[in-house]
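Q: I am new to reading protein models, and I would like to go through one slowly. Could you show me how to read its features, giving the general idea before the case at hand?

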Amino acid sequence: MDFNMKKLASDAGIFFTRAVQFTEEKFGQAEKTELDAHFENLLARADSTKNWTEKILRQTEVLLQPNPSARVEEFLYEKLDRKVPSRVTNGELLAQYMAEAASELGPTTPYGKTLIKVAEAEKRLGAAEREFIHTASINFLTPLRNFLEGDWKTISKERRLLQNRRLDLDACKARLKKAKAAEAKATTVPDFQETRPRNYILSASASALWNDEVDKAEQELRVAQTEFDRQAEVTRLLLEGISSTHVNHLRCLHEFVESQTTYYAQCYRHMLDLQKQLGRFPGTFVGTTEPASPPLSSTSPTTAAATMPVGPSVAGLAPPGEAALRLEEVSPPASGTRKARVLYDYEAADSSELALLADELITVYSLPGMDPDWLIGERGNKKGKVPVTYLELLS
């Protein structure tokens, strides 16, 4: 018990000395040992790395999981060392709703068949998103989180220890400076009128005491300087390790970009397959025997056009034999022309195509050997190929 009390009293004295030194430094009443410029640059780079790593980590978590409640739930599971339950992605949930709607509204109707096709595509998109989230979490988020929870905590601990060693060193310097000043004052020759044997005795005794105090302060300063130098070297080595951290994070960033590229490539393939299926699917827009529903009055042609993705170029869809097709030599068949309403704006990819404006009426017809995804459209004296997915055939 006595040992603990002594240690507690010693720790309290050290804490008080550091607090006094820190306060005096803040008010400019005490000198402060400055670190060299290289060390300060290492500290600044470490702080910058930590701050930006935190921001990148948080924003990547938002990218992978936009729902804040879900992020909090996953954080709690991780802190409790429990497995995070599997969560249905938004794409998979949408696919489920579409499949159920098709089943209830009629899977054999054009709308129901299209719902089923889109539901299958959304399900594949959801699976790709799940794989991307899993891969990005392991290859990118986990290394960033390990740095903040491991390496950075070690660096912060050593920096706090270095700060305490510096305060101890500066306190020893201040104590030595005061002891030398007192010793010099004690050894000053007293005034002649105040010269008495008793004064000489007191002056000699005070000088001896201050001499011992100076020796003690010098010894404490040497010990404090040694501990400070040792701690500064340990901290310097840890700060220089930030370069290795940057190399590791660079590798993780490449892996994140690779997984993101794979994810978007899969999404593009799935949507391209869906677009082709809808383009060839009877009853979606073209060739339906049911009357088309009129557009909502609140939806403008511009809005409808803005929501439609640009289709692939005609050059990639047209058969090789059509590349040399000369439109000026093409004449409409005697029978088989139909009127069509344009559903969305379409910008012609080349001179063989006809640009379209939403809600306009054009005359369309097909030629033998043409790609079924394309028709010949005429508007006035202009003629060109038009994609069928942008049309609603009227008659």
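A: Let us begin with a term that will return often: a residue counts as buried when its relative accessible area is under 20%, as exposed when that area is over 50%, and as partly exposed in between. Please keep in mind as well that what you see is a predicted model.

Q: How many helices and strands does the chain have, and what pattern do they follow along the sequence?
A: The secondary structure comes to 9 helices and 5 strands, and, read along the sequence, the pattern is α-α-α-α-α-α-α-α-α-β-β-β-β-β. As for burial, 32% of the 395 residues of the chain count as buried.

Q: How should I read the sheet, and in which order do its strands lie?
A: In general, the strands of a sheet pair through backbone hydrogen bonds, either parallel or antiparallel. Here the sheet is open and has 5 strands in the order E4-E3-E2-E1-E5, with antiparallel pairing. Its edge strands are E4 (382–387) and E5 (391–393), each of which pairs on one side only, and the twist from one strand to the next averages 40°.

Q: Which residues are bridge partners where E1 pairs with E2 and with E5?
A: Strand E1 (residues 338–342) is joined to E2 by 4 bridges in the antiparallel sense, and within this pairing lysine 339 has threonine 363 in E2 as its bridge partner. Towards E5, E1 has 3 bridges, again antiparallel, and here arginine 341 has glutamate 392 in E5 as its partner. Strand E2 (residues 361–365) also runs antiparallel to E3 (residues 374–379), with 3 bridges between them, and tyrosine 365 is matched with isoleucine 376 in E3.

Q: What is unusual about the phi of aspartate 359, and where does this residue lie?
A: Most residues other than glycine have a negative phi. Aspartate 359 has a positive phi of about 75° although it is not a glycine, and its place is in the loop between E1 and E2. Its relative accessibility is 38%, so aspartate 359 counts as partly exposed.

Q: How do I read a pair of aromatic rings, and how many such pairs are found?
A: A pair of aromatic rings is described by the distance of the centres and the angle of the planes. A search of the whole structure finds 7 aromatic pairs. In one of them, the ring centres of phenylalanine 140 and phenylalanine 256 are 4.8 Å apart and the planes meet at 25°, so this pair is stacked. The pair links distant parts of the chain, since phenylalanine 140 belongs to helix H5 (residues 110–186) and phenylalanine 256 to helix H7 (residues 242–280), 116 residues apart.

Q: Are phenylalanine 140 and phenylalanine 256 buried or exposed?
A: Phenylalanine 140 has 6% relative accessibility and therefore counts as buried, and phenylalanine 256, with a relative accessible area of 9%, is buried too.

Q: What kind of pair do tyrosine 263 and tyrosine 264 form?
A: Their pair is tilted, with 5.0 Å from centre to centre and 50° between the planes. Tyrosine 263 counts as buried because its relative accessibility is 13%, whereas tyrosine 264, at 48%, counts as partly exposed. Ring pairs link these two tyrosines with Phe132, Phe140 and Phe256 into a cluster.

Q: Which charged residue sits over the ring of tryptophan 52?
A: The charged end of lysine 55 lies over that ring, 4.5 Å from its centre.

Q: How can I read the two sides of a helix such as H4, and which of its residues are buried?
A: The idea is to ask where the buried residues point around the helix axis. Helix H4 (residues 90–105) has 16 residues and reaches 22 Å from its first C-alpha to its last, close to the 22 Å expected. Its buried residues are Gly91, Glu92, Ala95, Met98 and Ala102, and they cover an arc of only 120° around the axis, which puts them on the same side of H4. On the other side of H4, Asn90 and Glu104 are exposed. Just after H4, glycine 106 takes a positive phi of about 120°.

Q: How far from alanine 232 is leucine 35, in sequence and in space?
A: Leucine 35 and alanine 232 are 197 residues apart in sequence and 9.1 Å apart in space, C-alpha to C-alpha. Leucine 35 lies in the loop between helix H1 (2–26) and helix H2 (37–64), and, with a relative accessible area of 22%, leucine 35 is partly exposed.

How values were computed: Residues are numbered from 1 along each chain as its sequence is written. This is a predicted model: local features need pLDDT of at least 70, side-chain atom pairs count only at pLDDT 80 or more; totals for chains, interfaces and linings use all residues. Side-chain values use heavy atoms; hydrogens and water are left out. Two strands pair if DSSP finds at least two bridges between them. Axes are lines fitted to C-alpha atoms, for helices over the stretch in contact, and angles run from 0 to 180 degrees between N-to-C directions. Rings of Phe, Tyr and Trp (its six-membered ring) pair if their centres lie within 6.5 Å; planes under 30 degrees apart count as stacked, over 60 as edge-to-face and the rest as tilted. Buried means under 20% relative accessible area, exposed over 50%, partly exposed in between (1.4 Å probe, protein chains only). A charge sits over a ring if NZ of Lys or CZ of Arg is within 6 Å of the ring centre and within 35 degrees of the ring normal. The expected span of a helix is 1.5 Å times one less than its number of residues. The arc is that of the directions from the helix axis to the C-beta atoms.
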